[in-house]
Amino acid sequence: MRVRNQYLMVLAVVWGACFLAAVAFYALILRPHLGYRRTLEARVASCKQQYAVAIQAAKEKDQQRLAEQVEDLHRRIADFVVDLREAPTLAFRIGELANGAKLESLGMRPMNRNVPNAPRCERIQERRVNLTFAARFRRFAAFLNTLERHHPVIFVESFAISRPPEKEAEPQASMELAVLVERDTKQNGLLRGIE
């Protein structure tokens, strides 16, 4: 019985040492490689997806479809971004819209507030304008509606209406407008020089 206990003790020590060596091997060598392997598998999957897109883009009918999508995006961008050549006339257009709404005592001044650009917007910048005017609610609402339907879009960032002290006077309103304008780049046009 004593020999058997010694045999079991030696066996347990050897197996325990082997188990500890296996755990240490896994923790120090295999585990870090598994994380690296997952990273490589993700990169390979991403490359396969890019390859599939490139193969599909090489087909002639897909090239035509992609060209139509690019053209459609050009048209959609024109709905939101003022062309660089038209930017100087923007104040006049806002003034014409205000005259059309019959606003009184219109005051317009550019706001030189530094607004951080959105990421990856190297070709577009934001310009802000502050308007002050006097108008009753119907004219104010008509002017606001006209601004919202304008092409390219004029964003109404904020507005405030204050009641006048005299009953006969018109309410005073202030409005902050934001407009997306094409940046001055070497290439002419917003996204035309991508070829």
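Trainee: When I look at strand β3 (residues 124–134) beside β5, how many bridges join them, and do these strands run parallel or antiparallel?

Mentor: This is a predicted model, and in it eleven bridges join β3 to β5, with the two strands running antiparallel. To find one place along this pairing, look for Ala-134, which stands opposite Gln-172 in β5.

Trainee: Which sense does the pairing of strand β4 (residues 155–162) with β5 have, and which residue of β5 is the bridge partner of Ser-158?

Mentor: Strand β4 pairs with β5 in the antiparallel sense, over seven bridges, and the partner of Ser-158 in that pairing is Glu-176. Strand β1 (residues 81–82) also belongs in this picture, since two bridges join it to β5, but here the strands run parallel. Val-81 has Leu-180 as its bridge partner in β5.

Trainee: Is strand β5 itself largely enclosed or open to the outside?

Mentor: A residue is called buried when its relative accessible area is under 20%. In β5, which spans residues 172–182, eight of the eleven residues are buried, so the strand is largely enclosed by the rest of the structure. For the protein as a whole, buried residues make up 21% of the 195 residues.

Trainee: Which residues have the most contacts inside the largest nonpolar core?

Mentor: That core has 22 residues, and those with the most contacts inside it are Leu-131, Phe-133, Phe-143 and Met-175. At least two residues each are supplied by α3 (90–100), β3, α4 (137–149) and β5, and the element that gives the most is β5, with five residues.

Trainee: What does Met-175 touch, leaving out residues up to four places away in sequence?

Mentor: With those neighbours left out, Met-175 touches a set of residues that includes Val-129, Leu-131, Phe-133, Phe-140, Phe-143, Leu-147, Val-156 and Ser-158. You have already met Ser-158, as the bridge partner of Glu-176.

Trainee: How many helices and strands are there in the protein, and what pattern do they follow along the sequence?

Mentor: There are four helices and five strands, and reading along the sequence you meet them in the pattern α-α-β-α-β-β-α-β-β. To judge how the chain is brought together, one can ask how far apart contacting residues lie in sequence. Among contacts with a separation of 6 or more, 67% are between residues 24 or more positions apart.

Trainee: Turning to the surface, which residues make the nonpolar patch of about 500 Å²?

Mentor: That patch is made by Phe-25, Tyr-26, Leu-28, Ile-29 and Leu-30. Take Leu-30 as an example: its place is in helix α1, which covers residues 2–58, and it is partly exposed because its relative accessible area is 38%, which lies between the cut-offs of 20% for buried and 50% for exposed. As for the whole protein, the accessible surface comes to about 15,200 Å², and 59% of it belongs to carbon and sulfur atoms.

Trainee: What value does phi have in Lys-102 and in Ser-105?

Mentor: Start from the general expectation, which is that most residues other than glycine have a negative phi. Lys-102, however, has a positive phi, near 60 degrees, and Ser-105 has a positive phi as well, near 45 degrees. Lys-102 lies in the loop between α3 and β2 (104–111), whereas Ser-105 is found in strand β2.

Trainee: Is each of these two residues buried or exposed?

Mentor: Lys-102 is exposed, with a relative accessible area of 56%, and Ser-105 also counts as exposed, at 54% relative accessibility.

Terms used
Residues are numbered from 1 along each chain as its sequence is written. This is a predicted model: local features need pLDDT of at least 70, side-chain atom pairs count only at pLDDT 80 or more; totals for chains, interfaces and linings use all residues. Side-chain values use heavy atoms; hydrogens and water are left out. Patches are made of residues with over 30% relative accessible area and no salt bridge: like charges are joined within 9 Å, nonpolar side chains (Val, Leu, Ile, Met, Phe, Trp, Tyr) within 5 Å. Accessible areas come from the Shrake-Rupley method with a 1.4 Å probe; for residues, only the protein chains shown count as cover. A salt bridge is a side-chain nitrogen of Lys or Arg within 4 Å of a carboxyl oxygen of Asp or Glu. Buried means under 20% relative accessible area, exposed over 50%, partly exposed in between (1.4 Å probe, protein chains only). Two strands pair if DSSP finds at least two bridges between them. A nonpolar core is a set of buried Ala, Val, Leu, Ile, Met, Phe, Trp, Tyr and Cys residues joined through side-chain atoms within 4.5 Å. Contact means heavy atoms within 4.5 Å.
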